[in-house]
Amino acid sequence: MRLESRFRWLPTPFRSALLFVVWLLLNNSVSAGHIVLAVIFAILIPLVSFPFREPQPLIIKPGLALKQLIIVMYDIITANMQVALLILGPVKKLRPAFVKVPIELSHAMPITILASTVSLTPGTVSAEVYPIPESLAEGEQPTQRYLLIHVLDLDDEQALIDTIKQRYEAPLKEIFQC
C-alpha cells in the first residue's frame with residue numbers, strides 16, 4: 001500500500017491525534033518530556049502499523065451514521081425492557097432459536113458493525129458470519145453471506161430477518177456505500 005505524499009508522515013491523522021492525547025492522559029502529565037514522547041509515538045506507531053492495515057470503506061454519510069447510532073441506542077433500551085419481562089415471566093414461554101440472516105454487505109467493517117449491533121441488542125447474539133473469507137479459495141467471492149443469530153424468543157423468523165435487514169443492514173449499506 002503506497003502512501004500519498006501529503007500523508008507520508010501522518011498516514012492516519014485522527015489516530016495520531018488520539019495516540020497523542022491518550023499518552024498524555026495515561027501519564028497524567030503535560031511535561032515537555034511527555035509531550036515529546038507523545039509526538040514521537042503519534043508519528044511512529046501509525047507509520048509502522050500502516051502497511052498492515054486493510055483498506056476499509058469510508059463513512060460517506062456521517063449524519064445517517066449518527067441517526068443510526070441513536071436508533072441502535074433506542075433499540076438497546078427497549079430490548080432490555082422486553083428481555084427483562086421475558087426473563088421474569090414463565091421460562092416455558094421462551095422460544096430460543098438460531099436464525100440465518102442473508103446479508104448483502106461485502107466489507108469487513110460494515111459486517112462487523114452489523115454483527116456487533118445485533119449482539120448489543122439484548123435477546124439476540126451474533127454467532128457466526130459465513131462463509132468465512134479464509135475458507136474461500138484465492139480470489140473467490142462468496143455467492144451469499146449469512147449472519148447466524150441466536151434469538152432468546154423467536155416469534156416470526158421472517159419478521160426478524162426483515163427487521164434486521166431494514167433497520168440495521170440497509171442504513172449500513174448507505175453509510176458505507178457498499
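Colleague: Why is the crossing of α3 and α5 called left-handed?

Modeller: In this predicted model, the crossing of α3 and α5 is left-handed because the term applies when the near helix is turned anticlockwise from the far one by less than a right angle, a clockwise turn being right-handed. The model is a prediction in which local features need pLDDT of at least 70 and side-chain atom pairs count only at pLDDT 80 or more, while totals for chains, interfaces and linings use all residues. Residues are numbered from 1 along each chain as its sequence is written, and side-chain values use heavy atoms, with hydrogens and water left out.

Colleague: How do you know how α3 and α5 are oriented to each other?

Modeller: The axes of α3 (residues 62-88) and α5 (residues 157-176) cross at roughly 160 degrees and come within 10 Å. Such axes are lines fitted to C-alpha atoms, for helices over the stretch in contact, with angles from 0 to 180 degrees between N-to-C directions. Angles over 145 degrees count as roughly antiparallel (under 35 is roughly parallel, 65 to 115 roughly perpendicular, the rest oblique), and α3 and α5 are therefore roughly antiparallel.

Colleague: Which residues make the contact of α3 with α5?

Modeller: On α3 these are L64, A65, Q68, I71, V72, Y74 and D75, which meet R167, Y168, P171, E174 and I175 of α5; contact means heavy atoms within 4.5 Å. By class there are 8 nonpolar, 1 polar and 3 charged residues. Ala, Val, Leu, Ile, Met, Phe, Trp, Tyr, Cys and Pro count as nonpolar, Asp, Glu, Lys and Arg as charged, and the others, Gly among them, as polar.

Colleague: What makes Q68 count as buried or exposed?

Modeller: Q68, in helix α3, has a relative accessibility of 8% and so counts as buried, a term that requires under 20% relative accessible area (exposed is over 50%, partly exposed in between, with a 1.4 Å probe and protein chains only). Leaving aside residues up to four places away in sequence, Q68 touches R167, Y168, P171 and I175. Across the chain of 178 residues, buried residues make up 26%.

Colleague: How do you know the orientation of α4 to α5?

Modeller: Helix α4 (residues 108-120) packs against α5 at an angle of about 150 degrees, with the axes 10 Å apart. That angle makes α4 roughly antiparallel to α5. The crossing of α4 and α5 is right-handed. M109, P110, I113, L114, T117 and V118 of α4 meet I164, Y168, E169, L172 and F176 of α5, a set that divides into 9 nonpolar, 1 polar and 1 charged.

Colleague: What is the exposure class of K173?

Modeller: K173, in helix α5, has 26% relative accessibility and so counts as partly exposed. K173 and L105 are 68 residues apart in sequence, yet their C-alpha atoms are 6.7 Å apart in space.

Colleague: Which residues make the contact of α1 with α2?

Modeller: The axes of α1 (residues 13-27) and α2 (residues 32-49) come within 8 Å and cross at roughly 145 degrees, and this crossing is right-handed. S16, L19, F20, W23, L24 and N27 of α1 meet H34, I35, L37, A38, V39, F41, A42, I45 and P46 of α2. These residues divide into 12 nonpolar, 3 polar and no charged.

Colleague: What makes the pair of W23 and F41 an aromatic pair, and of which kind?

Modeller: The whole structure holds 2 aromatic pairs. In the pair of W23 and F41, the ring centres are 4.7 Å apart and the planes are at 70 degrees, so the pair is edge-to-face. The rule is that rings of Phe, Tyr and Trp (its six-membered ring) pair with centres within 6.5 Å, planes under 30 degrees apart being stacked, over 60 edge-to-face and the rest tilted. The two residues are 18 apart in the chain, W23 in α1 and F41 in α2. W23 is partly exposed at 24%, and F41 is partly exposed at 29%.

Colleague: What is notable about the backbone of N28?

Modeller: N28 has a positive phi of about 50 degrees although it is not a glycine. N28 lies in the loop between α1 and α2 and is exposed, with a relative accessible area of 73%.

Colleague: How many helices and strands does the chain have?

Modeller: The chain has 5 helices and 3 strands, in the order α-α-α-β-α-β-β-α from the N terminus. Helices (H or I, at least four residues) and strands (E, at least two) are DSSP runs, numbered from the N terminus.
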